[in-house]
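Subject: Structure handover and what was found in it

Hello,

I am passing on the structure that I said I would send, together with some notes written for someone who is new to reading such files. Please open it first and keep it beside you while you read the rest.

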Amino acid sequence: ALHKIFSTPDEVSMIDSGCRTAEIGCVDCKKILLGHAEPFICPFREKFHALKSKPSLVYDAAKAGAEKCRPLAIETIEGAKSRLGIRHTL
């Protein structure tokens, strides 16, 4: 399934056939996939390492997001409770 996303159609066909007939091994199959997925994954990995070195930035962003979403979440929960006939409020 991942090859269908990252590999070329010709490679997908070759891998499908090669895996079913043992013409290629699992390591070969994964090397092909890695060759195509690595350029896609690298920017995410770099961003992860940049954020990992600044945990307060991540916590602050999560806190700001929670504060922004809290009123909508409360409204949604209260609406659901009202429809279910539950009287307890937040």
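A residue is called buried when its relative accessible area is under 20%, exposed when that area is over 50%, and partly exposed in between. By this reckoning D16, with a relative accessibility of 39%, is partly exposed. Please keep in mind throughout that this is a predicted model, and that the values below were computed from it.

Salt bridges

It is convenient to stay with D16 for a moment, since this residue forms a salt bridge with R20, in which the closest N and O atoms are 2.8 Å apart. Side chains of opposite charge can pair when their charged atoms come close. D16 and R20 are four residues apart in helix α2, which covers residues 9-21, and so they are separated by about one helical turn. Whereas D16 is partly exposed, its partner R20 counts as exposed, at 68% relative accessibility.

The structure holds two salt bridges, and another pairing to look at is that of R45 with E38, where the closest N and O atoms are again found 2.8 Å apart. Here R45 is partly exposed, with a relative accessible area of 37%, and E38 also counts as partly exposed, at 26% relative accessibility.

Between α2 and α3

If you follow the chain into the loop between α2 and α3, you will come to A22. This residue has a positive phi of about 65° although it is not a glycine, and at 65% relative accessibility A22 counts as exposed.

Helix α3

Helix α3 runs over residues 26-52, and its 27 residues do not span what one would expect, for its end C-alpha atoms are only 32 Å apart, short of the 39 Å that a straight helix would reach at 1.5 Å a residue. Where does α3 bend, and which proline follows within four residues? The bend, of about 45°, is at E38, and the proline that follows is P39. E38 is also the residue that pairs with R45 in a salt bridge.

The residues of α3 are not alike in how they are covered, and it is worth colouring a few of them as you read. C29, L33 and A37 are buried, while I32, which lies in the same helix α3, counts as partly exposed at 22% relative accessibility. F40, also found in α3, is partly exposed, with a relative accessible area of 49%. Together with I41 and F44, F40 makes a nonpolar surface patch of about 310 Å².

Helix α4

Helix α4 covers residues 55-84 and has 30 residues, reaching 40 Å from its first C-alpha to its last, which is close to the 44 Å expected at 1.5 Å a residue. There is nevertheless a kink of about 40° at C69 in α4, shortly before the proline P71. C69 itself is partly exposed, with a relative accessible area of 48%, and G65, which is found in α4 as well, counts as partly exposed at 28% relative accessibility. After α4 comes G85, whose phi is positive, near 80°.

Distances across the model

A few separations may help you to find your way about. F6, in helix α1 (residues 2-6), is partly exposed, with a relative accessible area of 23%. The C-alpha atoms of F6 and I32 are separated by 9.4 Å, although these residues are 26 residues apart along the chain. I32 and A66, by contrast, are 34 residues apart along the chain, and their C-alpha atoms are separated by 41 Å. G65 and D28 are 37 residues apart in sequence, and from C-alpha to C-alpha they are 43 Å apart in space.

Cysteines

How many disulfides does the model contain? With a disulfide taken as a pair of cysteine sulfur atoms within 2.5 Å, the count comes to zero. For C19 the closest cysteine sulfur is in C29, and because the two sulfur atoms are 4.0 Å apart, they are too far from each other for a bond. C19 is partly exposed, with a relative accessible area of 40%, whereas C29 is among the buried residues of α3.

With best wishes

Notes. Residues numbered from 1 in each chain as written. Predicted model: local features only at pLDDT ≥ 70, side-chain atom pairs only at ≥ 80, totals over all residues. Heavy atoms only, no water. Buried < 20%, exposed > 50% of the residue type's maximum accessible area, 1.4 Å probe, protein only. Helix = DSSP H or I, 4+ residues; strand = E, 2+ residues; numbered from the N terminus. Expected span 1.5 Å × (residues − 1). Bend = angle between axes of the 7 residues up to and from the residue. Patch = residues over 30% accessible without salt bridge, like charges linked within 9 Å, V, L, I, M, F, W, Y side chains within 5 Å. Areas by Shrake-Rupley, 256 points an atom, 1.4 Å probe, with all protein chains shown as cover. Salt bridge = Lys/Arg side-chain N within 4 Å of Asp/Glu carboxyl O.
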